[in-house]
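User: I am new to this structure and would like a close look at a single part of it, followed outward to whatever it connects with. Please explain each term with its cut-offs as you go.

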There are 2 protein chains.
Amino acid sequence: MAKVNKHSEKKSPARHGGRLKSLRLARGLTLEQLSRMAGVSKAMLSQIEQDKVNPTVAVMLKIARAMQLNISDLIDSPSRENIFRIIPASDDHYTFRSDPLCTIRTLSPLSLEKSIEFYHLKLEAGGELQSEPHFPGTEEFLHITRGQMSVASGDQTAEIKKGDSIHYRVDISHTLRNTARGPAEAYMIVRYRGE
Amino acid sequence: MAKVNKHSEKKSPARHGGRLKSLRLARGLTLEQLSRMAGVSKAMLSQIEQDKVNPTVAVMLKIARAMQLNISDLIDSPSRENIFRIIPASDDHYTFRSDPLCTIRTLSPLSLEKSIEFYHLKLEAGGELQSEPHFPGTEEFLHITRGQMSVASGDQTAEIKKGDSIHYRVDISHTLRNTARGPAEAYMIVRYRGE
DNA sequence: TACTAAAGTCTAATATAATAAACAAATGGC
DNA sequence: GCCATTTGTTTATTATATTAGACTTTAGTA
């Protein structure tokens, strides 16, 4: 009698509807107008606003384009949903370089919309890290927690040791060297100047 | 013979697949791992990566959450798709206040992720605009193009006239007044200090 | 009130997103 | 080499997103 659903995930339509509705109304658009502008049926728009469906990203993109919005404007708190971005110490996927003399571990999330990258860097005795030029305006912050290093950029060189911090532009190639007998460690921040 | 499709929109699955795949691989995740983490079937993930489907935003959100990403990281250039955000002069939906003494028109897009709002303000003789306190750190820039105004914030008042510009914090309530006989106009920028 | 016209909601039909399970392809011992 | 295990793809089925059009509701006017 009762129909048995083979895979019965209960899909609860998310609630982005209010968002869309208020944005649409703020522009004084009717469902029909927006429907024509976006190429999405009036019915669909209505159902999205009522949270009766899980719309496709294709559809949401069409709507966003018509309203000259970023898609994330239409989706409920996409960034606020994840207040924390965690990188467990046990997760070694973030260790993107590990050879005998140099280990680099990323401490910031692998997002594409980032403007900041956070690293932990370990150089064994004799180790060095050579970097190609980054984008113009990019800058680096370095804080030494163990041993000592030299930073060479252009024709200048700076010596820093445990507890020291340094800040410099990295739009030309530069090199970090461990200048002590033992291992050296540091935290590094790379900041991209976005538009 | 040939089945006639009543509504035969040719849905071409967008190409966000590569994005997801590279982000997944960057983390060293397999389809099955990600499948369990996100609660999305392995098959679906594979099809998304191959651009064979138009996934639902619900699904993309699950994936984004599992990867601790913003959904826009997974969607192809959502912001870059619209380089220009146009507000036609003829579009009066952006005029959000219009009474005999005061007209305000928004010149910046009605996005939610904004940190800047741009307005054109017109005060007739005797008109004034009282504003409630904004968030801490919010600031305002004003440039007068016609007539003259006074800006009162706290117990201080400033007089500015055509050609003048002014900058002030607006985390306490403040008032703009037209102090001349004729109309006054200005451009106004409100800047929110994000996070 | 009744009569429009316009805006929004609902219904039935169809295309398709999402799934589980079977399949294929690569990987790693032994 | 062979077998087992793991990873990615394809298939068949079910659930559902999307649509056109019918319906309802609202708003304005005489």
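Analyst: Helices here are DSSP runs of H or I with at least four residues, strands are runs of E with at least two, and both are numbered from the N terminus. The model is predicted, and therefore local features need pLDDT of at least 70 and side-chain atom pairs count only at pLDDT 80 or more, while totals for chains, interfaces and linings use all residues. Residues are numbered from 1 along each chain as its sequence is written, chains are lettered from A and ligands numbered from 1 in the order in which they are written, and side-chain values use heavy atoms, with hydrogens and water left out.

The part to look at closely is helix α3 of chain B, which covers residues 42–49. After α3(B) comes Asp51(B), which has a positive phi, near 55 degrees. Within the helix, Met44(B), Leu45(B), Ile48(B) and Glu49(B) are buried, where buried means under 20% relative accessible area, exposed means over 50%, and partly exposed lies in between, with a 1.4 Å probe and protein chains only. These buried residues of α3(B) line one face of the helix, because seen down its axis they fall within an arc of 135 degrees, the arc being that of the directions from the helix axis to the C-beta atoms.

Where does that face lead? The buried residues of α3(B) pack against α1 (17–26), α2 (31–38) and α4 (57–66) of chain B, with contact meaning heavy atoms within 4.5 Å. Leu45(B) is one of the residues in contact with Leu34(B), once neighbours of Leu34(B) within four places in sequence are left aside, and the others include Leu20(B), Leu29(B), Ile63(B) and Met67(B). Leu34(B) also appears, with Ile63(B), Leu34(A) and Ile63(A), among the residues with the most contacts inside the largest nonpolar core, which has 42 residues. Such a core is a set of buried Ala, Val, Leu, Ile, Met, Phe, Trp, Tyr and Cys residues joined through side-chain atoms within 4.5 Å. In soluble globular proteins, nonpolar side chains tend to be buried together.

Glu49(B) adds a charged link to this picture. Its side chain meets that of Arg24(B) in a salt bridge, at 2.7 Å from N to O, the term meaning a side-chain nitrogen of Lys or Arg within 4 Å of a carboxyl oxygen of Asp or Glu. The pair links distant parts of the chain, with Glu49(B) in helix α3 and Arg24(B) in helix α1 of chain B, 25 residues apart. Both Glu49(B) and Arg24(B) are buried.

Helix α2 of chain B, against which α3(B) packs, holds another salt bridge, formed by Glu32(B) and Arg36(B) at 3.6 Å from N to O. These two residues lie four residues apart in α2, about one turn of the helix. Glu32(B) is partly exposed, with a relative accessible area of 43%, whereas Arg36(B), at 60%, is exposed.

In chain A, Glu32(A) forms a salt bridge with Lys42(A), with the closest N and O atoms 3.7 Å apart. Because Glu32(A) lies in helix α2 and Lys42(A) in helix α3 of chain A, this pair ties together parts that are 10 residues apart in sequence. Glu32(A) and Lys42(A) are also linked with Arg36(A) in a network of salt bridges. Over all chains, a search of the whole structure finds 12 salt bridges.
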